[in-house]
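Here is a short tour for the bench. Please keep the viewer open as you read.

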Number of protein chains: 2
Amino acid sequence: MKRKITLKQIARELEVSISTVSKALRNSAEISEDTKQKVQAFAKLYNYRPNNIALSLKNRKTNTIGIIIPEIVHHFFSKVIRGVELVANKRGYNVIVGLSNESFSKEVINMEMLANGSIDGFILSISKETQQLQDYHHFNETMSQGMPIVMFDRVVSDMNCDKVIVDDLNGAKNAVEKLLRNGCKSIALITTKDYVSVGKLRTQGYLEALEKHQIQPKADLILKIDDTLDYETRLDALENEIKQLFKANNGIDGVFAVNELYALSAMKVARKLGLNIPEDVQVIGFTDGVLSKHSTPSLTTVSQHAQQMGEKAADLLINKLENNIETEEEYFQTVIIATELIERESTK
Amino acid sequence: MKRKITLKQIARELEVSISTVSKALRNSAEISEDTKQKVQAFAKLYNYRPNNIALSLKNRKTNTIGIIIPEIVHHFFSKVIRGVELVANKRGYNVIVGLSNESFSKEVINMEMLANGSIDGFILSISKETQQLQDYHHFNETMSQGMPIVMFDRVVSDMNCDKVIVDDLNGAKNAVEKLLRNGCKSIALITTKDYVSVGKLRTQGYLEALEKHQIQPKADLILKIDDTLDYETRLDALENEIKQLFKANNGIDGVFAVNELYALSAMKVARKLGLNIPEDVQVIGFTDGVLSKHSTPSLTTVSQHAQQMGEKAADLLINKLENNIETEEEYFQTVIIATELIERESTK
DNA sequence: TTGTACGCGTTATCAA
DNA sequence: TTGATAACGCGTACAA
């Protein structure tokens with residue numbers, strides 16, 4: 001079981017100095033053709049590759065991006081990762097993944113772990129717990145150490161860093177307007193508690209759409225789900241809450257849900273109550289998931305372009321990493337990714 | 001924008017030597033209480049953390065695991081990653097992700113990239129293209145350099161390395177037997193071309209189940225899909241092929257599909273042909289996905305325990321990495337994860 | 001044309 | 001009790 005070959009070993013074998021080998025391999029003009037040939041041939045034979053760790057230490061640059069997400073078993077986040085990976089690899093970076101599992105402490109620990117030299121910068125979406133606690137000291141510390149952060153989707157709005165967000169407000173607004181144009185008179189909203197930033201924005205979009213059409217929002221039509229419950233109990237509880245929503249409000253003819261699961265559950269409940277989709281109730285969800293496409297009826301959704309978000313985030317981060325010549329004052333941008341309404345069978 | 005603080009800076013600031021600082025921080029008995037206190041206080045104040053890269057270089061150990069998968073936007077693989085990450089973090093390792101995107105060359109490049117010192121070992125599932133080409137030189141090279149590999153799910157059977165696989169054959173066999181017990185007489189199989197190792201095994205399970213029940217397999221009932229087609233065109237093509245399957249065989253009353261999408265498509269096509277599920281046709285899929293749970297009717301599936309596979313793979317790899325005292329001859333094991341039949345609405 | 005010396009940040013060993 | 005030195009693997013400025 002032989003180790004990887006190093007410059008030193010090549011040098012010893014060929015009885016030249018290490019720097020000669022180094023230069024020969026980088027095709028330096030300083031080295032004679034003879035030696036170059038000899039060294040290069042030998043290196044090829046033994047499949048020499050420079051050690052990344054040594055390079056990282058020397059260059060104080062790892063060419064690695066750390067990505068911290070709350071959950072990986074999730075279409076949105078895995079698509080974002082794919083986008084990040086795509087761009088990162090193209091630009092010569094690796095991607096190292098940390099999962100916060102929606103926990104504040106795991107987020108902190110993971111970041112500290114990676115921040116100690118393993119990576120050059122972060123791309124992250126904050127955990128629900130962090131959103132609740134509103135404790136952002138780890139982000140500030142990381143940044144004050146000169147390590148850039150790009151936040152995506154769930155961001156801290158008053159933090160000085162690059163951000164990539166979905167146009168949640170307008171995405172929601174457009175969706176609700178679509179329902180209104182389609183003739184819906186009584187549109188229910190199924191959303192999350194307000195501390196989830198994206199849920200809040202989508203709620204706002206719903207309200208603005210109603211307002212624009214001069215419709216008075218009814219509190220009864222708005223269902224705010226506490227999604228900190230665990231997944232197993234959640235499904236039953238969810239459907240129950242939605243059933244109450246339908247029963248408490250006669251004549252719901254449209255539903256806007258801030259994610260895929262809520263939307264699907266709404267369809268399920270509606271059908272159980274004898275309502276047809278889209279004839280009696282039209283439903284729109286907010287998501288990039290697979291369920292929408294394959295459900296029956298398939299679900300009209302507001303697409304978030306998750307992969308594009310990942311790509312953009314990676315580009316922003318790498319640009320920052322490579323622009324050492326940047327202007328004195330830090331310049332941060334917030335990129336807003338437009339949503340797209342994908343019409344399927346759940347709307348007319 | 002200050003950099004991270006180093007031993008050297010602390011030493012200079014406190015006017016002691018670097019090694020004193022190092023020892024003081026590790027609470028060495030060699031150092032006086034006074035100095036220790038002073039150094040530790042200062043380090044805490046400036047939030048000193050040793051640089052991982054320097055440690056990696058020195059220890060020739062990165063404490064990082066590389067995971068190479070064909071695709072991340074996929075429930076099975078993201079669940080595996082979660083399992084790997086869980087165990088890895090618990091045992092003090094990070095996880096770095098490489099995507100092959102089902103391409104041989106990307107797999108090779110990604111592995112070379114990571115093998116040059118970035119990681120201590122690999123966990124991987126090989127790409128379809130690699131399976132077709134049967135070119136495994138990169139695995140052999142990596143291992144001959146002393147870097148351990150753990151393969152999962154899609155493995156190379158005659159390769160000397162640890163493996164974690166699903167019991168594809170028996171999982172399939174059990175599923176088909178379930179259909180037989182439920183009264184199915186004419187069971188169709190929707191599978192992949194044989195070069196996909198798991199597809200092949202599941203096909204074999206189907207055949208064995210029939211054989212056990214002394215049923216002659218009919219070639220017409222077996223549909224082998226070429227899944228190298230891209231995703232967009234695939235859905236239509238897929239449904240078309242399945243429709244042909246149904247039309248060519250009157251009286252299909254059971255379908256076993258080697259993945260979720262095939263199973264769902266089968267249900268869709270069956271319904272379009274006026275067949276009821278599970279009354280007229282019973283369907284079982286093979287997967288860990290979300291679609292099964294939320295489809296209508298929900299799909300009975302053979303669960304693969306993806307997360308458990310990831311956990312096991314990580315344990316195997318880390319054990320190998322940390323057992324330097326191992327026996328002389330290399331010892332490799334293949335762990336077989338049992339499947340579980342999750343019964344839902346698509347079977348009686 | 002080749003080799004020496006240095007530094008990246010750390011720890012271990014040995015000397016003072 | 002403290003400090004100097006070497007080493008991990010590499011690239012480069014400078015000396016020979």
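## Where the chains and the DNA meet

In this predicted model, Ile96(A) faces Ile96(B), which lies in S2(B). The two strands involved, S2 (residues 94–99) of chain A and S2(B), run antiparallel and are joined by 3 bridges.

Let's widen the view to the whole interface. Chain A and chain B each bring 57 residues to the contact. About 5,200 Å² is buried between them, with carbon and sulfur atoms giving 54% of that area. On the chain B side, Ile53(B), Asn116(B) and His294(B) supply 13% of the area buried against chain A, more than any other three residues.

Polar pairing is present too: 15 residue pairs are in polar contact across the interface, and there are 4 salt bridges between the chains. One salt bridge links Glu85(A) to Lys106(B), whose closest N and O atoms are 3.7 Å apart. H5(B) gives the largest share of the chain B side, 7 residues. That side divides into 21 nonpolar, 21 polar and 15 charged residues.

Now for the DNA. Strand D is surrounded by 26 residues, and Leu7(A), Lys8(A), Thr20(B), Lys23(B) and Thr35(B) are the closest. Of the atoms of strand D that come within 4 Å of the protein, 62% belong to sugar and phosphate. Here are some contacts to look up:

| Protein partner | Atom of DNA strand D | Distance |
|---|---|---|
| Asn51(A), polar backbone atom | phosphate oxygen | 3.2 Å |
| Ser19(B), side-chain N or O atom | base nitrogen | 3.1 Å |
| Glu30(B), side-chain N or O atom | base oxygen | 3.4 Å |

The residues of the surface near strand D comprise 8 nonpolar, 9 polar and 9 charged.

Conventions:
Residues numbered from 1 in each chain as written. Chains lettered and ligands numbered in written order. Predicted model: local features only at pLDDT ≥ 70, side-chain atom pairs only at ≥ 80, totals over all residues. Heavy atoms only, no water. Near = heavy atom within 4 Å. Polar contact = N/O pair within 3.5 Å; in protein donor to acceptor, adjacent residues only side chain to side chain. Nonpolar A, V, L, I, M, F, W, Y, C, P; charged D, E, K, R; others polar. Contact = heavy atoms within 4.5 Å. Buried area = accessible area lost by both parts, 1.4 Å probe. Salt bridge = Lys/Arg side-chain N within 4 Å of Asp/Glu carboxyl O. Helix = DSSP H or I, 4+ residues; strand = E, 2+ residues; numbered from the N terminus. Pairing = 2+ DSSP bridges.
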